[in-house]
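Q: Please take a close look at one part of this model, a short strand together with its partners, and then place it beside a helix packing and a sheet found elsewhere in the chain.

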Amino acid sequence: MKNIAVVGAGFSGAVIARELGKAGYRVSVFDARPHIAGNCHTERDAETGVMVHAYGPHIFHTSNEKVWNYIRQFDEFMPFVNRVKAISKGRVFSLPINLLTINQFFGKTFNPKEAEAFLASIGDQSIAAPQTFEEQALKFVGKDLYEAFFRGYTTKQWGMHPSELPASILKRLPVRFNYDDNYYASTFQGMPKNGYTYIVERILDHPNVTVQLNTRFERAMAPGYAHVFYSGPIDAWFNYSEGRLGYRTLDFVTERHTGDYQGNAVINYCDEEVPWTRISEHKHFSPWESHEKTLIFKEYSRYCEERDTPYYPIRLAKEKSQLKSYIELAKGEKNMTFVGRLGTYRYLDMHVTIAEALDAAERFLELDPAGGVMPAFAVDPLG
Ligand SMILES: Cc1cc2nc3c(=O)[nH]c(=O)nc-3n(C[C@H](O)[C@H](O)[C@H](O)COP(=O)(O)OP(=O)(O)OC[C@H]3O[C@@H](n4cnc5c(N)ncnc54)[C@H](O)[C@@H]3O)c2cc1C
């Protein structure tokens with residue numbers, strides 16, 4: 001039986017560990033934290049009884065049927081649709097911008113065609129090829145909607161004015177010309193009845209898989225294993241030799257109240273004067289449960305310093321160039337594959353994380369028995 005090390009007990013690590021364990025490898029999973037499930041960790045708050053998403057709200061959504069069937073082996077998924085609200089200049093609106101938002105914002109009763117024509121008329125058509133996020137937004141939604149919903153929120157979220165961010169951040173026109181206020185356009189969406197940590201616990205529950213928490217995996221430990229799957233930060237593995245990759249981190253300020261605090265799971269605060277970006281009320285992520293008390297997270301975004309938890313990779317020109325250097329270093333490592341959101345320095349939704357972990361495991365299980373060499377990356381981190 002070959003020994004395999006998996007660094008990180010988030011979705012990336014857990015899925016790879018299970019698939020390799022099932023195939024007869026002896027898998028040791030390490031996590032530096034005192035709990036499994038990585039950033040998807042959920043736990044019940046002792047005071048309110050509410051299931052809390054400890055590192056911020058996580059809504060499971062996917063159009064990948066393989067992933068949807070895979071995840072549902074480990075818990076029952078309860079119906080949940082993310083319907084986000086936004087507060088801008090003292091008024092409440094529906095997000096993403098949809099027909100209701102447009103009609104309420106402008107005091108109109110447009111039908112879809114009229115709304116589309118109206119937006120085209122207020123968009124700044126003098127901008128032929130938008131270079132920045134600001135230009136992109138001004139071209140597609142015009143000054144009023146841009147200032148109400150994007151300027152302040154984006155500045156707070158990224159710590160930069162939208163005129164300093166590339167247009168590529170706002171890839172698609174974030175506007176719907178109907179009344180669909182489902183935040184995600186995925187085929188499947190839901191919440192695990194018992195939380196994400198329960199799911200990861202069940203994924204890791206295999207006789208060939210052992211888990212060591214509170215254990216940071218160091219370079220010196222690698223020679224004991226036939227292969228290492230590493231879902232930790234790629235720059236940390238190389239001791240930040242090419243500089244630290246930039247991330248945004250989040251601070252959550254918790255408050256407990258009685259009853260219903262805001263009547264919805266997530267409300268975004270778009271004005272720059274309000275220091276938090278959004279408030280999530282966690283009991284609304286489990287609408288099938290009932291709790292007298294409630295718990296909210298006020299979310300603040302800032303640059304990630306050395307001791308902070310990295311959340312969103314910044315991935316601007318400077319970081320991409322550093323990443324290229326780390327990719328070259330990673331390719332020089334023997335018997336090691338970098339996976340997951342930190343190992344490849346990309347923002348990944350859970351369903352993408354799971355799909356990539358399943359693919360990485362499948363690839364290893366094809367290559368290894370045939371004497372092949374598993375590459376440093378199963379996906380292109382720059383792709
Ligand atoms: C604020 C926020 C909200 C999100 N909301 C959603 C959402 O609504 N829906 C969705 O689908 N996705 C969401 N995501 C994405 C989701 O969090 C990721 O898809 C998921 O966490 C990726 O899993 P992972 O295993 O790759 O990484 P992680 O969950 O970060 O796990 C990596 C683990 O590796 C451990 N580790 C690192 N280095 C070492 C080391 N040297 N030794 C031992 N252990 C180590 C860490 O402690 C960590 O536990 C959100 C992400 C953020 C930041």
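A: The account below begins with the strand and its pairings and then turns to the helices and the second sheet.

This is a predicted model, in which local features need pLDDT of at least 70, side-chain atom pairs count only at pLDDT 80 or more, and totals for chains, interfaces and linings use all residues. Residues are numbered from 1 along each chain as its sequence is written, and side-chain values use heavy atoms, with hydrogens and water left out.

Strand 7 covers residues 85-88, and Lys-85 belongs to it. Helices (H or I, at least four residues) and strands (E, at least two) are DSSP runs, numbered from the N terminus. The side chains of strand 7 alternate: Ala-86 and Ser-88 are buried and point to one face, whereas Lys-85 and Ile-87 point to the other and are not buried. Buried means under 20% relative accessible area, exposed over 50%, and partly exposed in between (1.4 Å probe, protein chains only). Lys-85 is partly exposed because its relative accessible area is 23%. In general, side chains in a regular strand alternate between the two faces of the sheet.

Strand 7 pairs with strand 8 and with strand 13. Two strands pair if DSSP finds at least two bridges between them. Strand 7 and strand 8 (residues 91-94) run antiparallel and are joined by 4 bridges, with Ser-88 opposite Arg-91. The hairpin of these two strands has 2 residues between them, and Lys-89 takes a positive phi near 45 degrees there. With strand 13 (residues 266-269), strand 7 pairs in the parallel sense over 3 bridges, and Ile-267 is the bridge partner of Lys-85.

The contacts of Lys-85 reach both partners. Contact means heavy atoms within 4.5 Å. Neighbours within four places in sequence set aside, Lys-85 is in contact with Val-92, Phe-93, Ser-94, Asp-181, Asn-264, Val-266, Ile-267 and Asn-268. Asn-268 lies 183 residues away from Lys-85 along the chain, yet their C-alpha atoms are separated by 6.2 Å.

Elsewhere, helix 1 (residues 11-22) meets helix 10 (residues 350-367): their axes come within 8 Å and cross at roughly 35 degrees. Axes are lines fitted to C-alpha atoms, for helices over the stretch in contact, and angles run from 0 to 180 degrees between N-to-C directions. Residues of helix 1 including Phe-11, Val-15 and Leu-20 meet residues of helix 10 including Ile-354, Ala-357 and Phe-364. The residues of this contact divide into 12 nonpolar, 2 polar and 1 charged. Here Ala, Val, Leu, Ile, Met, Phe, Trp, Tyr, Cys and Pro count as nonpolar, Asp, Glu, Lys and Arg as charged, and the others, Gly among them, as polar.

Among the buried residues of helix 10 are His-351, Glu-356 and Ala-361. Their cover includes strand 1 (3-7), helix 1, helix 2 (65-71) and helix 6 (196-204).

Strand 1 also belongs to an open sheet of 5 strands in the order 10-2-1-11-17, with parallel pairing. Strand 10 (209-212) and strand 17 (336-338) stand at the edges, each with a single partner strand, so one side of each has no neighbour in the sheet. From one strand to the next, the twist averages 15 degrees. Within this sheet, strand 1 and strand 2 (residues 26-30) pair in the parallel sense over 5 bridges, and Asn-3 stands opposite Arg-26.
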